[in-house]
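I opened this structure to look up a few things and write down what I found. The entries are short.

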Amino acid sequence: MAERLVAADASPLTGLAAAGAFHLLRTLFDQITVTAAVRDEVLAGSQLPGADELAEAIRDGWINVVDVPPDLIIFANLDAGEASTLTLAIRHAGPCLVLMDEPAGRSYAQRHGITVTGLAGMLVAAKNARLVHSVRPLLERLLASGFRLSDEIISAILVQAEED
């Protein structure tokens with residue numbers, strides 16, 4: 001059986017970095033794969049949160065980069081990073097988890113039978129694994145950085161994390 005692939009899109013990477021919690025990725029998943037399009041999106045100009053962290057994780061070897069051209073015909077309404085991440089997941093012969101926040105991308109993943117979670121799911125998983133004491137301060141840092149989450153999503157995260 002093929003090894004489980006954890007494929008990440010840009011948003012969960014930049015979001016965790018903005019929350020000061022990029023390190024949780026390594027603890028939660030041990031090994032992560034990003035496509036060249038995702039790497040390039042995050043590293044472009046080094047202005048996004050997570051650019052330095054991603055570059056270091058790639059150097060350290062716990063985030064791998066693969067060159068997968070995005071299938072922009074199937075995933076016409078997604079950006080290159082999202083489309084290439086889903087293309088990678090679909091081509092993987094074995095269990096896969098996609099880290100993605102984009103609703104359209106998550107919908108595509110689910111229709112293809114791919115397990116998907118996003119930033120919110122990872123924060124709750126970190127709390128459940130006792131890697132963080134509370135998700136509330138992480139959410140506050142995330143929002144202060146300009147990351148957009150609806151009040152409904154914030155409430156749902158806090159309920160799932162038993163912090164409501």
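These are my entries on one helix, the salt bridges, the largest pocket and a few single residues; the model is predicted.

**Entry 1: helix α6**

I began with helix α6, which covers residues 103-111. Which of its residues are buried? I found Gly105, Tyr108 and Ala109. Seen down the axis of α6, these buried residues fall within an arc of 100°, so they line one face of the helix. I noted the general rule behind such a pattern: an α-helix has 3.6 residues a turn, so residues three or four places apart point the same way.

I then turned to the other side of α6, where Pro103, Gln110 and Arg111 are exposed. Next I checked what covers the buried residues of α6, and the cover includes helix α5 (80-91) and strand β5 (115-117). After α6 comes glycine 113, and I read a positive phi for it, near 75°.

**Entry 2: salt bridges**

How many salt bridges does the whole structure have? My search found 2. As a general point, side chains of opposite charge can pair when their charged atoms come close.

One salt bridge joins arginine 39 to aspartate 40, with 2.9 Å between the closest N and O atoms. Are these residues buried, partly exposed or exposed? Arginine 39 has a relative accessible area of 26%, so I list it as partly exposed. Aspartate 40 is at 42%, so it also goes down as partly exposed.

The other salt bridge joins lysine 127 to glutamate 163, and here the closest N and O atoms are 3.0 Å apart. This pair links distant parts of the chain, 36 residues apart. Lysine 127 sits in helix α7 (residues 119-128), while glutamate 163 is in the segment after α9 (151-160). I found both lysine 127 and glutamate 163 to be buried.

**Entry 3: the largest pocket**

I looked up the largest pocket and got a volume of about 230 Å³. Its lining includes Asp101, Pro103, Arg106, Leu119, Phe147 and Ile153. Which helix gives the most to this lining? It is α7, with 3 residues. Both α6 and α7 supply at least two residues each. By type, I sorted the lining into 6 nonpolar, 3 polar and 3 charged residues.

**Entry 4: aspartate 101**

Since aspartate 101 is one of the residues lining the largest pocket, I gave it an entry of its own. Aspartate 101 lies in the loop between β4 (96-99) and α6. Its relative accessible area is 23%, so I call it partly exposed. Leaving aside neighbours within four places in sequence, I listed its contacts as Ser11, Pro12, Arg106, Gly118, Leu119 and Phe147. I also took the distance between the C-alpha atoms of aspartate 101 and glutamate 140, and it came to 18 Å. Those two residues are 39 residues apart along the chain.

**Entry 5: positive phi outside glycine**

Where does aspartate 30 lie? I located it in the loop between α2 (24-29) and β2 (32-35). Its phi is near 65°, a positive value in a residue other than glycine. At 55% relative accessibility, aspartate 30 counts as exposed.

Glutamate 162 is not a glycine either, and its phi is positive, about 60°. I placed glutamate 162 in the segment after α9. Its relative accessibility is 70%, so it counts as exposed.

Notes. Residues numbered from 1 in each chain as written. Predicted model: local features only at pLDDT ≥ 70, side-chain atom pairs only at ≥ 80, totals over all residues. Heavy atoms only, no water. Buried < 20%, exposed > 50% of the residue type's maximum accessible area, 1.4 Å probe, protein only. Helix = DSSP H or I, 4+ residues; strand = E, 2+ residues; numbered from the N terminus. Arc of directions from axis to C-beta. Contact = heavy atoms within 4.5 Å. Salt bridge = Lys/Arg side-chain N within 4 Å of Asp/Glu carboxyl O. 1 Å grid on protein atoms, 1.4 Å probe; cavity = no way out; pocket = protein on both sides within 12 Å on 5 of 7 lines; lining within 4 Å. Points joined across faces, edges and corners; volume = space filled by probe spheres on them. Nonpolar A, V, L, I, M, F, W, Y, C, P; charged D, E, K, R; others polar.
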